[in-house]
Amino acid sequence: MKSIVRKSLTLCTSVYIATSFFGVVLFGDHTMDDVLANFDGDLGIPYSSLLDDLVRVSYGLHLMLVFPIVFFSLRLNVDGLLFPYAIPIAFDNKRFFSVTIALMGFILMGASFVPSIWDAFQFTGATAAVCVGFIFPAAITLRNIPGIATKNDRLISWMMIFLAVSTSTVAVTSDIYSIFYVDEGITS
C-alpha cells in the first residue's frame, strides 16, 4: 500500500502543480481562485476547446486515481468506529461489502444533492478546521492522561471548546442561510 500511496501522491501533486503553473501562465492576472473555472469558455487561443477538454479529462483521471486511496482509509476508519471489537474488516466479507455499499450510497447521495462543491467546502471549513485547530487539542488536554494539566489548563480548554463550538455554529448557520437565501438586490 505504501508504494501505491507514494505513486498516487506524486502523480496528483504533479497534476496540481502543472494545472496551477499553466493556469497562471495562460491566464496571468485574470486567473480565478478556482483555476479550472477559467477553462469553461473560449480561451482566445488556437485549439481552445481541445485544451478545455484535455484539462477536464486530466482532472477526471486525477479524481479516479485519488478516490480509491481516500476511500480505503475512510472505510477502514468508519469500520473501526462502528465495530471497534470486531475482527479486521479484511477478514469479514459481509461487513466489508455492507460498509462499502453504505459509504458509496452516502457519497452518491451527497454528490447528487449538494448544489455546489463550494457549499461542501464551506461546511468542511466551518467544522473540520475548528475541530482540528481548537476542539481536538483542548479535548486532549482535558483527557490529561499524564496528569500534568493544571486547573487553569482545563479552564482554558473548556473556553476553547465553547468558543470553537460557538463560532462553528455561527459559520454553519450562515452557510445554511446562504444556500437558501439569495439576495436579488445586489448586483456586481
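**A tour from the helix crossing outward**

Helix 2 and helix 3 cross in a right-handed manner. A crossing counts as right-handed if the near helix is turned clockwise from the far one by less than a right angle, and as left-handed if anticlockwise. Helices (H or I, at least four residues) are DSSP runs, numbered from the N terminus. The model on display is predicted: local features need pLDDT of at least 70, side-chain atom pairs count only at pLDDT 80 or more, and totals for chains, interfaces and linings use all residues. Residues are numbered from 1 along each chain as its sequence is written, and side-chain values use heavy atoms, with hydrogens and water left out.

**First stop: the crossing**

Select helix 2, residues 48-82, together with helix 3, residues 93-113. Two packed helices are described by the angle between their axes and the distance between the axes. Here the axes come within 10 Å and cross at roughly 120 degrees. These axes are lines fitted to C-alpha atoms, for helices over the stretch in contact, and angles run from 0 to 180 degrees between N-to-C directions.

Next, display the side chains at the crossing. Helix 2 contributes Phe67, Phe71, Leu74, Arg75, Val78 and Asp79, while helix 3 contributes Arg95, Phe96, Val99, Thr100, Leu103, Met104 and Ile107. Contact means heavy atoms within 4.5 Å. The residues of this contact comprise 9 nonpolar, 1 polar and 3 charged. In this division Ala, Val, Leu, Ile, Met, Phe, Trp, Tyr, Cys and Pro count as nonpolar, Asp, Glu, Lys and Arg as charged, and the others, Gly among them, as polar.

**Second stop: Arg75**

Select Arg75 in helix 2. Arg75 is buried but has no salt bridge; Asp79, the nearest side chain of opposite charge, is 8.4 Å away. Buried means under 20% relative accessible area, exposed over 50%, and partly exposed in between (1.4 Å probe, protein chains only). As to charge, Lys and Arg count as positive and Asp and Glu as negative; His and the chain ends are not counted. Leaving aside residues up to four places away in sequence, Arg75 touches Ile89, Phe96, Val99, Thr100 and Leu103.

**Third stop: the salt bridges**

How many salt bridges does the structure hold? There are 3 salt bridges, each a side-chain nitrogen of Lys or Arg within 4 Å of a carboxyl oxygen of Asp or Glu.

Select Arg95 and Asp79, whose side chains meet in a salt bridge at 2.6 Å, N to O. This pair links distant parts of the chain, with Arg95 in helix 3 and Asp79 in helix 2, 16 residues apart. Both Arg95 and Asp79 are buried. Add Asp92, which forms a salt bridge with Arg95, the closest N and O atoms being 3.2 Å apart. Asp92 is partly exposed at 23% relative accessibility, whereas Arg95 is buried at 8%. Asp79, Asp92 and Arg95 are thus linked in a network of salt bridges.

Move to Arg56 and Asp53, a salt bridge with its closest N and O atoms 3.5 Å apart. Both residues lie in helix 2, 3 residues apart, about one turn of the helix. Arg56 is partly exposed at 43% relative accessibility, as is Asp53 at 42%.

**Last stops: His62 and Gly28**

Select His62, also in helix 2. Is His62 buried or exposed? Its relative accessibility is 5%, so His62 counts as buried. Beyond residues up to four places away in sequence, His62 touches Cys12, Val15 and Tyr16.

Finally, select Gly28, in the loop between helix 1 (2-27) and helix 2. Gly28 has a relative accessible area of 33% and is therefore partly exposed. The C-alpha atoms of Gly28 and Phe134 are separated by 37 Å, with their positions 106 residues apart along the chain.

Conventions: Helix = DSSP H or I, 4+ residues; strand = E, 2+ residues; numbered from the N terminus.
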